[in-house]
Every structure is written in C-alpha cells, then in structure tokens.
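The following exercises concern the structure shown below. Each task is followed by a solution in steps.

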Amino acid sequence: MIINCPICGPREAAEYSYIGDATRVRPEADNIDLNSWSDYVHQRQNPRGNHHEHWQHSGACRSILCVTRDTLSHAISGVKLVGPYSEDTK
Amino acid sequence: MSRYSAFSLFKNALSGHKNWKRAWRAPEPQKKYDVIIIGGGGHGLATAYYLAKEHGITNVAVLEKGGLGSGNIGRNTTIIRSNYMLGANTRFYEHSMKLWEGLSNDLNYNMMFSQRGLINLAHTPGQMDAFSRRGNAMLMEGVDAELIDNQEVCRRVPGLYCGQNTRFPILGGLCQPRAGTARHDAVAWGYARGADQYGVDIIEHCEVIGFIKDGDTVTGVKTNRGEIFAPKIGVSVAGNTSTVMKLAGIDKLPIESHVLQAFVSEPLKPFLNTVVTYGAGHLYISQSDKGGLVFGGDLDGYNSYAQRGNLPIFEHVAAAAVTMFPVLSRLRLLRNWGGIMDMSMDGSPIICKGPLPGLYLNAGWCYGGFKATPAAGWCFAYTIAKDQPHPLNADFTLDRFYTGHELDEGGSGPYPGHQ
Amino acid sequence: MSGFRLHNKGILINKDAPIQFSFDGKKMNGFKGDTLASALLANGQTLVGRSFKYHRPRGIYSAGPEEPNALVSLRQQGRHEPNTVATGIELYDGLIANSQNAWPSLNFDVMAAIQIFSPFLIAGFYYKTFMGTGQRFWHFCEHFIRRAAGMGKAGLEADPDRYEKANIFSDIVIIGGGCAGLIAARTAVQSGAKILLVDENPELGGASLEEEATIEGINTADWIAETINHLAKNNNVTLMRRTSVYGYFDDNILGAVERVSDHKIEPENNQPRQRHLKIFAKRVIIATGTIERPLVFAGNDLPGIMLANAALRYAHRYGVAVGKNVAIFTNNDDGYQTAIQLKKLGVNVTTIIDARTHTNFTLDGIKSITGHVVTSAKGSKYIKQIDIAPYDHSDHSIGDIQSLEVDSLLISGGYTPMINLTSQTGTPAIFNEEIQSFIPGPPNRAWQACGALIGAFELEECLNTAIEAAQNSQKLLGLKVSPVKPVTVSGANLKAIPFALTEIPCLQTSAKKFIDFQHDVTVNDLQIAHREGFRSVEHLKRYTTLGMAADQGKTSNMNALAIMAQLRGISIPEAGTTRFRAPYKPVALGTLAGRYIGNHFSPLRRTPMHDWHIEHGAEMIEAGLWHRPRVYKKSGETVTDAYIREAAAVRKTVGIVDVTSLGKIDVQGPDAAEFLNRIYANAFLKVDVGKARYGVMLREDGYMFDDGTSWRLSPTQFLMTTTTANAATVLSHMEQLLNIDWPSLKVHVSSISDQWAAMAVAGPDSRNVLQKIITDIVLSEEGCPFMAVRHGHIGQIPIILARLSFSGERAYEVYTGSHHGTAVWSAIIEAGQQFDISPYGTEALGTLRIEKGHISGPELDGRTTMGDVGFGRMASTKKSYIGSVLKQRPGLNDPDRLSMVGLISTDHKAIMAGSYMLDGDQNIGHVTSTTYSPVLKKYIALALIKQGDDRLGEDLCAVFPLEDEKNNVQVVDPHFYDKEGAQLYV
C-alpha cells in the first residue's frame, strides 16, 4: 500500500504506523460515564468497505493523517492531515 | 453411514472406489429449526456437532455463505497449543487440547493431529522469567510445560542457529510437548461429516442477509435461500463478526478485523520435528506432513477483510526465518495466503449469550481460533443448549470491557494487533 | 534414452563453448546457452525425477516455469538448493545436480513399490485411516508418512551468498518480454515515460522466438533483435532479463526477483546471488503469454511425453531433438505447425494424432491420423508405445485400438493464458470459449493485459493489442500519445483453437490418468472427490491437493476444472476458477530477507559509553533494542557475585550507571504543563521551574502504562523521561493526543532520546564526587535539593543535573549531549576514584530498586493498576486525565485483585522469578522481581498477591513447578530499605 502523505508525498505503508478507527470521538473531560468511555475505548464499527482511520507517518515527518481506505480492496480514496496544522483546524 | 477405516478403504478399492458416499449431505433449508448456526467454518460445525452429540439437539442448521470451511479454518498455520498464562485461557485451551487428543476417533476422521511439541524461544533473562511465569501457570493448571536451556533447544531443533553471532541469541525456551499441528481442512470436514450423521443440515452457499426480529428478540434469518426461523441463533463467523452483527442491528463490537498472512515453502524431507516460535521476530514455523514448512508472522497491522496482505510481512517473515535457520536461505516460499482475524480488544475470545434475546455470539478469536475449535464448539453448544455459559467460557463475556474484567494475556491493552 | 543434439541447430547455444556438468554423479556435456533441461535431454537423460506420492518415474515435461516434473537438487554444501526446476537452470561449467525423492537411485527407487498400494492411496485416504486406538498409533504411522513425503532435502550449511534489495520507480512497467511486451515498450518509449520491461528468461523474445512470420517486412528474429536494439538506445527504457515478477501487491507495488548470479558457479566479486526488487509502477502492462496445456489419458506422465511446444523450443533454441521416433497428439492446428517446424529442424516426427475429424493442414512425410486419440502410453521408465483409437465425438467412446512404437510423444492441448498476476490483483478471470481457457477480467487497478494473455494468439492481433495497451497507459498517465500505425504481419502461425477434450477413455480401468503431475493427482481422485461431495473448486483443491504443488498447478488447473465441470454436468465457468496467490514462481527466503538477517535482523542501539563498558568488563544485556551493561565482571566473578558487589558499593560509597536508554521527550509550548497534567495520573500543573516530578501514566482503559520523571526546564518546557521499553509508544501516544484529541493545546513534542547521554551517580558519596568536577552548580542541600534540576558544566561540557534517585540513595542524574557522553562519564569515574566509585549494571540497578520497592517492567506488565502497586493515593481525584474514568470500572477495583508486597526467603534460598504464591493449595498470585539483598543479606522479592496488604507477616510458599522448586517466604512491606527515605539526604 502507498499512502500519500500531505507533507512528504507518496510513501509505502511500511513507513507509517497504524493507529486505527478515526471516527471515534473522545468523550469530554467532564464526562464520567463509564459506558461512554468504554464505548470510545473498546467498541468499533469495523466496517467492511470504506474506513476512516488514523495513521502516523512515524518513519518520517511524524504527522498524523486521516486516511479513507476500503478495507476490502485496500484502495485509498483520501488522505488528510490531522491536528493543529490541518485544514479543519485552520 | 459408513465408518472410515483401513478395511473400508480396502473394500472400496475392490469396487474401484465407486461406492464412496457424500461426506455430508447437501440438503435444502427447512423453514424452521431448533437452532441455527451462522457460519460453516470449524467453530460453527463443531458447535453443531456438540449440540447434537452432547445435548441431543439435532434439528440444527449450519448456514454458510460460501463453501464449507472456506474461512479461517482453511487459512491458518494449523498450530494447536494450550500454553496460556491467565487461568481462564489456560483452562479453556487445555480443554480444547484434550478434545483434540480424542478427536480423530471421536469423529472417525483422521485430523492428523501431530503432537510434536512447540518451543517458544527466549532471548533475554527477562523473557525467560516471563516464560517461567507462564510455564508454572500451565503446570499448576495441569498443562504440560518444560523450561529448556539453549543446549536442549539446539538438540531438539537441528538447523536452528544457536550461536552468539546473531542479533538475538537464543537463551532457552518454553516447551509444551503435547502441542502440535493438525490438518486444518480435515477438521472442518470431520466435524461436518460428524454433525451431518446426527442429522444436522449443513447448508452451503446460503448467505444470511438479514435477521428477523420480534421487538428485540431475534427469531430467524433472511437468507439468499429464503427465510429460516429458529428460537436460538448462534453467530460463529470470526473475521466477519461485525458485518453479520450489523445485520442484527448491533453497530459496534469490541472487535477489529485484521489480516494475518501465512506462507508455505516447497516440500522438504523431514527437517523440523517441532513447532518453533521466535520471540524476537513474530515468527512461528512448523513442517506439515507433506513436507512444506509453514510460516506465520505478525498481522499486517491495519483493518482488512481482504484475505491477502502486503510485501513488508513477506520480507519480515523471511528475514526472521533465515535468521533462525540460516540453512533455509535457499529454500523457496511457494504460496502465501491471508486470513481475517477477529481481533478483540484484549486478545481473548467472546463466547456468550446475547447481545440480543435469541442470539448467541462466538467471536473475537484473534490468532487463537484454530486451536480453540473443539472447545469453542463445545462451550458454544453448551451455552446455546443451557442458555448459560459453561464455567470454561464464563469469563469470555461481551460486557467484560464495560466492567473491567479484561483477559489481557499480552498486557498490551485495547490496541488490536499489539497483543 | 532418446534425446540427442541436432547438427548445426540451436539459436541460443554456443557450440564453441562446451560445458561440463554432472547429474546424479554422471559427467555430462553441454554448451553455453543450454538450460539444464536441454542439456539433460541432449545427453539422452529421459528420466530425471520421481513423483511426490507414487514415486513414478518422470521426465522433462516442458521448457519453462510451468515444469511439474523435472525438479532437481542443485549445487552443494551451503549453496544446496532443493526442488529447483531444471527448465529454469542456465547451464554453467561445473554444475552439479542430483535427482530427488528416490532411494537408492533414480533408476531403481524402492519407494516405487508404493504403487502396489495405489488403489488405497486415493484422494483423502489419510483422513480415513491410521486412527487406530488413538494418538499413539497415529504418531507411529505419521513417522513413516512424513519420511515418504517431502521432495528435496534441506541443506546442512548456511548459505554463503549475499542478497540485495532495490526499489525501482517506473511510469510503465511491462511484464513479459515477448513480442507483445517489446512492441508495447517501443510504442510507449516515444512519450518519454520511464519504462521498465522485465522478462524471466535470459533472452527476450518469448514464444515469438519460434515464430517464422514477417513483421513490418522483416522476419521475426530480426524484428526482435532490432526492437531490442532500438529500446536499448533509449535512456528512458530499462530492460531487465532473468527477472521474474512474482507478486502483485496493493497500489501497483510489484515484487520481483532478479537472478543476478544463478547462471554462474558462484557470484562474482561483490555481486549478490539474487536481488529482490520492489517495483513501484504507475501503470503495469501485463504480457505474460500462455503455456501449453496437457491432454489427459492413461499413462500420460511417462518420461518421453512432453508438451509439443517445449520440444520445438528444445530443437530450435538448443538444437536438441527429444527423440528419434516422435509422435504428436493434438486437438488443434498448432500441433501441425509444431510438427512442420520440428521436421524442418531435423526432428523425426512420424505421426500426428488429431482428436478432431478434420484439418486443413497437409503434411509432407508425416502421417496424420484424424478423429483419433491416444488412449494409453506404455513403457516402464520411459515411453515405448502408444495405443491409439478412433474417438466418437457424440458419446466420447473409443473404437478399436492399434499400437504404435514411439520414443517420444508430444502433447498439444491448446494454450492457457498465464493469468497468475492478474488473478493476484483480485480480478476475476473470464472464460473464453474459443481458446477453452480463462483470460483476465477487466482490470481493477492501474494495469492492462495484452497479447496472447488475453487470447490474442495470432501474432498480428497480439502485437496490436500490445500497442493499444501502451497507448492507453500513456493516455491514462497524461502523457503524449503519438499516433502509431497498426502492425502488419504475414506468415504467422494460425491461432490454436482447441477442440474441447477432457479425459480420454481407456479400457484398463486401473490405468492412471494424471492431471497434476507434481502431486500425483489423477482423474480417479477427481471422481472420488466428486462422489464424496468435494466438488467446488476450493474443496477439490484441498481434498485432492490438486494445484497445491510447487508449480501451483500451472499445467493442471484448466484440465481439472474441465473434468470437474463435466462430472457435475455444468460449464467450466460455472465450476469457477481458483484465485492464484503470490508468489507466481517460488521465491527463496534468502532473497526476501536480503541483508536483514543474523546480526542485522534488527537494529542494535548502543549508548555513547558502550565502548567504555566493554573495555571495563561489562557483560551486555538486551533492553528494548539497546545493549546495556548487565554487570561489570571482575575476574572469577559470577553474575551474582558482581551485582552484589556493585549494589553494595552504591549503598556504601558511590556507583555510576548508564541510563541513556531511557526514553527522553522534549515537551514544549505554553500548554506544556497543562498537557502533562492531562496525561499523568498525578498532579503536574504546579511543578516549579528547576524541579522534577515523578509521574505515572495510565492507558485510556485505566491500567498503568508507564512511569518516569518530567523536569521543568522553563515555564514552557519539560524534559520527560520514559521507561526504555515504552519510549516510542509514549511519544506516539502524546502525538496522537495532541493532534487528534487536543489540537488546541499549544504543545509540541519531540523525541530527544538519541540526543542525550544519561548516567546516574548514586550513593552516599555521590555529591562528593560531583562536587569535584562541577563548579557552577551549588550541590548543597539548599542549592540542589531532592528533585532539583540544574544546568551546569563539567569542564567545558554543558550538562543537566537532576537530583533523582531510583536506588534510594542520594543520587544525581547527569545528562549531556550524546557526543560528550564518554567524556562526562570518564570525568566522573576519574573524580570518583578516591571514593572507590563502582560502575554498575542493570542487575545491581534492579537489586537497588527492589530493595527500595520501586516498580519496573515486571510490575508494569500492562495488567496492573495503580492500586495494585500501592500508588492508589498518588492518583489525583481532582482532575480528568488519561484513564481517570475507566480506572473506576469495578474489575479494576475488585478487592480480590492482586497487590504488591515484599517477600523475604525464610529458608535462605533464592526466590525464582516467575514463581507462584500458594496459601495452602490456593494460588494467590505470583512473584514479579527477585534479587539477593546485600543490605538485608537475604533473598528478597516483589510479588503480586491477593489481599496483599492484609497478609504482611504471613508465611507463604513460593512454588516453581517447572523445576519442582519450593521456597518458604514471609510477606513484608515492599519497601525493604529505608522506607522513610532518610538515605536520600545522606
């Protein structure tokens, strides 16, 4: 697989490390409900098909990316930078 | 039904093998069963077999979307072991081991279960300590285990590099002498034939496309071959658990699907008489009766349903194999395949009633599904028949993540693939 | 023994370069340019191997990678290479090859007696017998079964050769250097695209080398030479011969093997044996062509039976006639074309048996028998006679049999496209009725198939599909596409359109008709599989082992599918096809491994002071990927002696330990303190500048993750330390939180583990030592109190000094730039001489921390909570932090959980790590860390046990069943030494 890093360009997946499901949202700090935290930490949709997932370009720029990838064909249809420098944050 | 034996082979040979019967029937689905098992893999078929044999429940259908045994039972590295550390796991896998030891005779189908032992190699004193803890735990649960030193490892595994001039010299290992390998396809076929003989309907090419519910209670399934009803429906589709459970309205589970690759080499005359795992490099090697060396590595490391993986694992498995066995450098890999693992969030399985009334779930097997086949079927059948778990699977609940009763054998937390 | 060298023939061999080689110890002669297979045939060696199951005699069946029979053991000693396909071995002087799976000799193989039992050795027979009364009986039988199975033997010596890896990036990769591949390259070259053309053979041209057509006005051979010349002149084209693409992976990454030195007796200076190529292709053009298909009749595996087109290649390329009296059995026109060409080359083709009733070919000097089939081939070790009979197309019956003496029978059963690579991409194959075979389906990725692979067998069509593929690839890459005239070809071979012929009836019911030669799968096995319900392609394969051998069923799959379809009464496409898997051709482990083996399997991390440690007697130990001193042995000392001495020295005077391997993370930004406060379980907001604080991190699920100290260097900067094992994970954890969950926090983190060398100076004299060499830090209790962090110098070298203690003694951690590590270390050692400073290793480090009751790896095993190890009260209740909610789950607060205690051996024996704790016969926990305590002069340990806090003073038993050991121990507070911490200030 090749992931097109917005910083470095297209690189083989072996340069990246997989973080996982990007659709999970960490509960707010003041939420103390055990179940909603366990849902966040342990429960996954695990779709067969398009999956939004976080990868880190750990072997190079270390940026964290949100990749949209089909879990059946492994085809990647989108890569976005995540974090303070991403389009969404700006 | 005819029994298999040397005599039956001889008799059939005389008639030019014209009289062999189908190993299992190919029935049309009925409208209603007492139990439906979704998934005609090893676990599903074993469940049906034990439902009939142990609990007298024979009005059972096993629904398989493709051909029988086409999932992970047919795409693994065939290793059987019960060398676990946490009590619940040790007891469960040892129960499985005991069933394996009688399985060929029980099913009248030779599984070719070859108990040639398994050695986990250790490279540091810390690893030896960890293996000591595991080996002691095994012995205390009545499982066989031996701690062996470098010399003994080398004696048992000719060809293994035992010197110091390598990145991770071998210090010793933990051996389970009763561990081994079995002919994986035969397991599916043996259980299928066994269940069929009790009257279980094994229905291939019957894909579940939806569940029929009465309120929350699941009462039947919609399939590409019509609706089928049953008061109890067991889901045993590791690799595709999330996909099937979504049809029942369960949107999330503590499971991710990952691909695990395996490799087989060209056939060699007997070379390796035990199973060996390389602690430093995510590699396990055994030799099949046919002569091929079977290699398994680490997960590719991303969610996948693709039953195939990528090059980095090829390269890594080969590097670990040559590092362990420099004499195998010129041996060639012949074939590669990938299986889809149900990676649970603590590395341990789920066999439980629920999560909906009428539904029962057997899932989350991570790398351990093949060796668990007999016990998983046995426990799942018990859970379905008695509507409560057997003590052996009582800890394998779905809600343990909410209550904090994880069974984290690897101690690596809710990160699938790091176990 | 019928093959021989033809006079003045062989386009690939050099008769002026004779070569000597040996097969089974017999000296033989060949020429440069030969393959082992062609040379064996030329030497009359018809029998070359024994089959897998029945040990039947087998000869060379093909001239390419599809070869099912001719597997040999090549070379010797460390270069011994089992199961090597003779058709793919280029002959070199001194080559040594041996046959396999035969004992005592190839000619007389005792195991061939197994054929007497062949009526029982049907598909699936293992599953039906050998069960006896249980495992013991099976294990007894298995011993013999295993010895009978297998093919070649593993080598006994390590491989002396080297393997390399390379990455190649190309715009257009063309796989297959036949005419189609060549013209695709010629078409695309004009666009300026970077083109790579690979072919598995030493010569380009592929099947077209046997074409006698005229392409663009010149004959095929010249056209090929000219095209190669033209391509070679272009800088944007790379032609790679002897290179096989074996795998097609995601995103057009191809795995390939370049056989750099396999055609030589050993690699020349600085050359690897093989090179593994990872090819990154924007577009791929697949032109892998076809292989010829066998026909299925009784005795079809006898040596002397061969694919027709292979015999033609042997004659044309290597000047070898496969026999003196040759017949051809065909079901299509290509059999005739081959016959004519063979005849022209001087091979005595006498008869052609054609299953079809009619052909337009007229032959000179060759008897053509149409409407007939070969029903049986006879002979013991090689073919001597064939039975032929009229064949009734309507009911598949045969008529009266007549016999024919032959020494070779060539089979022409139509052509099967090599869809292996396209199949690997997951594209389903499509059945093509005309050629009775599967071709690639529509591409699912950036590739395109062309040429004979897609059924364009006839040369003109073949070339034009390749031109189209090249133009299409250029277009899709956004490159310039110049118009290209379609190619015209005259005099080419006609398209081979086979008459569908599955299994040929035979009068003797016991005769074997082989489908998979390498795995000895016969028609009978297929019938049994069908009867028993193993009918789908997957079941058929797995039950009979069809197509599972080293050739991956290249010659067998199509015939098997056709026969199973016939048995089931359905069409071939309904019966389906299997998916080919990588590798297309077996790949050596060494090639895939490259240089990442042995010492280079994984990087080794050394601290800057590594050489000093080695020079001073350190025995190193693996920690993470680091090598750290375990102990510094003095002469005659054991590891135990050494660590006891080292630990005692720290308690008495002073010691120094290398702690460089700890993870070090630079945390900077206005929100740095807030960030640390969120990721540590204890409070971090109010750490003063110039102070360090010990912190514990949890995972999100509430279990302990890591511990370490963080030093506030400025209001906006912390230097965080982590455990060695978790250095990378902690950094990644922090980066994820900052980017995914808290992007608004103004913090940046960087790993600085490699930038700093670190050492701890510990013991009552530690201050005295450092005071001698540090002049710009006041080391008094007031100037540098416990947990203080100071910047200063040792000589000219800048350092950071932190007053921390893992040992429980007064101690300082000294950090300096990696390149200054040894200088600072040496300066401290020198200053410490008068105090008897002792370097100490990880063992003594462990002893000291166990005495002190500090946790480390064995206690932080990923399953423990802060409560378990006595940190319950340290966790903040006032803030939200990672893990703060889920640590409250009932399972993590169960009163039955294990808690950390100390153990003292009451029978003065070492307590063994990994022991379990018994209370009566109740298993109540386990021992985590053990040591001998020089302070207490006792064997002590840390353990996790149930209700540990309530058991202080209890006598328990620690058991180690693996070695039948038992230890009586007393439960004590885990802080064995100086619980109040008075020593920290001494």
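A residue counts as buried if 20 or more other C-beta atoms lie within 10 Å of its own. The model used throughout is predicted.

**Exercise 1. Determine which residues of helix α11 of chain C are buried, and describe the surroundings of this helix.**

Solution.
Step 1. Apply the criterion for burial to the helix, which covers residues 537–544 of chain C. The residues that satisfy it are V537(C), H539(C), L540(C), K541(C), R542(C), Y543(C) and T544(C).
Step 2. Draw the conclusion: 7 of the 8 residues of α11(C) are buried, so the helix is largely enclosed by the rest of the structure.
Step 3. Identify the neighbours. The buried residues of α11(C) pack against α6 of chain B, and also against β34 (521–522), α10 (523–531), α12 (557–568) and α13 (572–575) of chain C.
Step 4. Inspect the end of the helix. T545(C) follows α11(C) and has a positive phi, near 65°.

**Exercise 2. Describe the contact between chains B and C.**

Solution.
Step 1. Count the residues on each side: 87 residues of chain B are in contact with 91 residues of chain C.
Step 2. List the elements of chain B that give two or more residues to this side. They are the helices α1 (6–14), α3 (87–107), α4 (125–140), α6 (184–197) and α8 (311–324), together with the strands β13 (255–267) and β17 (332–344).
Step 3. Sort the residues of chain B on this side by class: 39 are nonpolar, 33 are polar and 15 are charged.
Step 4. Look for strand pairing across the two chains. β17(B) pairs in the antiparallel sense with strand β35 (residues 587–588) of chain C, over 2 bridges. In this pairing, R332(B) stands opposite A588(C) in β35(C).

**Exercise 3. Establish the strand order of the open sheet of 6 strands in chain B, and find the helix that packs on the sheet.**

Solution.
Step 1. Recall the principle: strands of a sheet pair through backbone hydrogen bonds, either parallel or antiparallel.
Step 2. Follow the pairings across the sheet. The order is β8-β2-β1-β12-β19-β18, and the pairing is mixed.
Step 3. Find the edges, where a strand pairs on one side only: these are β8 (201–203) and β18 (350–353) of chain B. From one strand to the next, the twist averages 15°.
Step 4. Locate the helix. Helix α9 (residues 369–386) of chain B packs on the sheet and touches β1, β12 (232–235), β18 and β19 (359–363) of chain B. The direction of α9(B) makes about 15° with that of β18(B).
Step 5. Examine one pair in detail. Strands β1 (residues 35–38) and β2 (residues 60–63) of chain B pair in the parallel sense over 4 bridges. Here V35(B) stands opposite V60(B) in β2(B).

**Exercise 4. Describe the overall form of chain B, and then that of chain A.**

Solution.
Step 1. Count the elements of chain B: 10 helices and 19 strands.
Step 2. Assess compactness. The radius of gyration of chain B is 21 Å, close to the 22 Å that the globule rule gives for 419 residues, so chain B is as compact as a globular protein of that length.
Step 3. Consider burial and contacts in chain B. Buried residues make up 68% of its 419 residues. Of the contacts between residues at least 6 apart in sequence, 75% join residues at least 24 apart.
Step 4. Turn to chain A, which has 1 helix and 6 strands, in the pattern β-β-β-α-β-β-β along the sequence.
Step 5. Apply the analysis of burial and contacts to chain A. Buried residues make up 36% of its 90 residues. Among contacts in chain A between residues at least 6 apart in sequence, 45% join residues at least 24 apart.

Terms used. Residues are numbered from 1 along each chain as its sequence is written. Chains are lettered from A and ligands numbered from 1 in the order in which they are written. This is a predicted model: local features need pLDDT of at least 70, side-chain atom pairs count only at pLDDT 80 or more; totals for chains, interfaces and linings use all residues. Two residues are in contact if their C-beta atoms, placed from the backbone, lie within 7 Å. Ala, Val, Leu, Ile, Met, Phe, Trp, Tyr, Cys and Pro count as nonpolar, Asp, Glu, Lys and Arg as charged, and the others, Gly among them, as polar. Two strands pair if DSSP finds at least two bridges between them. Axes are lines fitted to C-alpha atoms, for helices over the stretch in contact, and angles run from 0 to 180 degrees between N-to-C directions. The radius of gyration is taken over C-alpha atoms; the globule rule is 2.2 Å times the number of residues to the power 0.38. A residue is buried if 20 or more other C-beta atoms lie within 10 Å of its own, exposed if 12 or fewer, and partly exposed in between; C-beta atoms are placed from the backbone.
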